[in-house]
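Q: Please take a close look at one part of this model, the salt bridges. I would like the pairs, their burial and their surroundings.

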Amino acid sequence: MKTARSSRIRGILFDKDGTLVDFNRTWFGITMELAQKAADGDEVRARALVEAGGYDWEMEKFRGGSVVAAGTIHDIVDLWHPELTLEEKRARIRDYDDYAVREGSRRAVGIDGLQVTLEALVKQGFVLGIATNDSEAGARATAEALGLTALFSVIIGYDSVARAKPHADQLHLFAARTGLAPAAIAMVGDNAHDLEMAHAAGAGLAVGVLSGNSTLDDLGPLSDAILGSIVELPQYLAHRESSAPA
């Protein structure tokens with residue numbers, strides 16, 4: 001549920017895919033290739049696995065909150081390979097993670113205006129971080145591939161903490177590493193679990209963006225603000241700061 005917040009925001013924690021990176025352009029091909037591997041080359045079964053993961057073939061996009069759009073590699077392996085033993089699942093997770101790190105960074109397509117927006121936010125004095133349900137290695141590789149590493153003070157993956165989103169762990173880790181109180185941090189993301197984490201962690205601001213797979217209806221009840229993309233964020237935060245009570 002939305003709550004009124006008046007804290008001065010000093011840090012911004014971004015989701016990665018759908019927020020910084022164009023999710024469907026980056027991840028559809030990778031997900032399809034992993035599904036083909038999971039299906040041993042059976043194209044019909046591979047398409048069914050991708051659909052089970054949340055892909056809408058008619059809309060040509062992943063649904064917001066779906067396993068592929070919002071989950072971790074663990075969740076995908078659990079969905080696609082329920083028959084595996086625990087040790088087999090761990091091996092498959094390592095295999096898929098390695099592939100996702102390599103291909104996710106190689107094929108990453110940034111949101112339009114990404115670098116100039118992040119540079120503007122740093123110039124405004126904000127401390128920036130990434131919190132993703134991708135692996136930390138995947139997030140770092142993508143940031144490096146897009147030439148953004150120097151702009152982020154902290155990069156956090158699902159495997160950096162005990163519990164991934166929507167739990168509070170990633171935002172609390174960002175707070176601990178930057179010395180900022182959670183109330184001084186804005187969480188920005190395109191899925192409900194990003195905003196649920198913001199509320200669970202006591203973040204000062206929960207900002208939804210429509211650049212990913214979720215709709216206004218999906219994000220509205222959880223957001224203090226909804227923007228088309230992060231490109232609108234510098235102006236939004238500047239206006240919020242200027243209109244805050246003295």
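A: Buried means under 20% relative accessible area, exposed means over 50%, and partly exposed lies in between, with a 1.4 Å probe and protein chains only. This is a predicted model, in which local features need pLDDT of at least 70 and side-chain atom pairs count only at pLDDT 80 or more, while totals for chains, interfaces and linings use all residues. Residues are numbered from 1 along each chain as its sequence is written, and side-chain values use heavy atoms, leaving out hydrogens and water.

A salt bridge is a side-chain nitrogen of Lys or Arg within 4 Å of a carboxyl oxygen of Asp or Glu. The structure holds 15 of these salt bridges.

Start with R107 and E103. Their side chains form a salt bridge at 2.9 Å, N to O. E103 is buried, at 8% relative accessible area. R107 is partly exposed, at 22%.

Next comes R140 with E136. Their closest N and O atoms are 2.9 Å apart. Both sit in helix α7; they are four residues apart, so about one helical turn separates them. Helices are DSSP runs (H or I, at least four residues) and strands are E runs of at least two, numbered from the N terminus. An α-helix has 3.6 residues a turn, so residues three or four places apart point the same way. R140 is partly exposed at 39%, and E136 is partly exposed at 22%.

The third pair is D169 with R163. The closest N and O atoms of this salt bridge are 2.8 Å apart. D169 counts as buried at 15% relative accessibility. R163 counts as partly exposed at 42%. Some bridges also link up: E33, R102, E103, R106 and R107 belong to one network, joined by salt bridges that share partners.

Now the surroundings of D169. It is one of the buried residues of helix α8 (residues 169-178), along with Q170, L171, L173, F174 and A175. What covers these buried residues includes β1 (11-14), β4 (127-131), β5 (154-156), β6 (185-189) and α9 (192-201); contact here means heavy atoms within 4.5 Å. After α8 comes G179, with a positive phi near 80 degrees.

In short, E103 and D169 are buried, and their partners R107 and R163 are partly exposed. In the α7 pair, R140 and E136 are each partly exposed.
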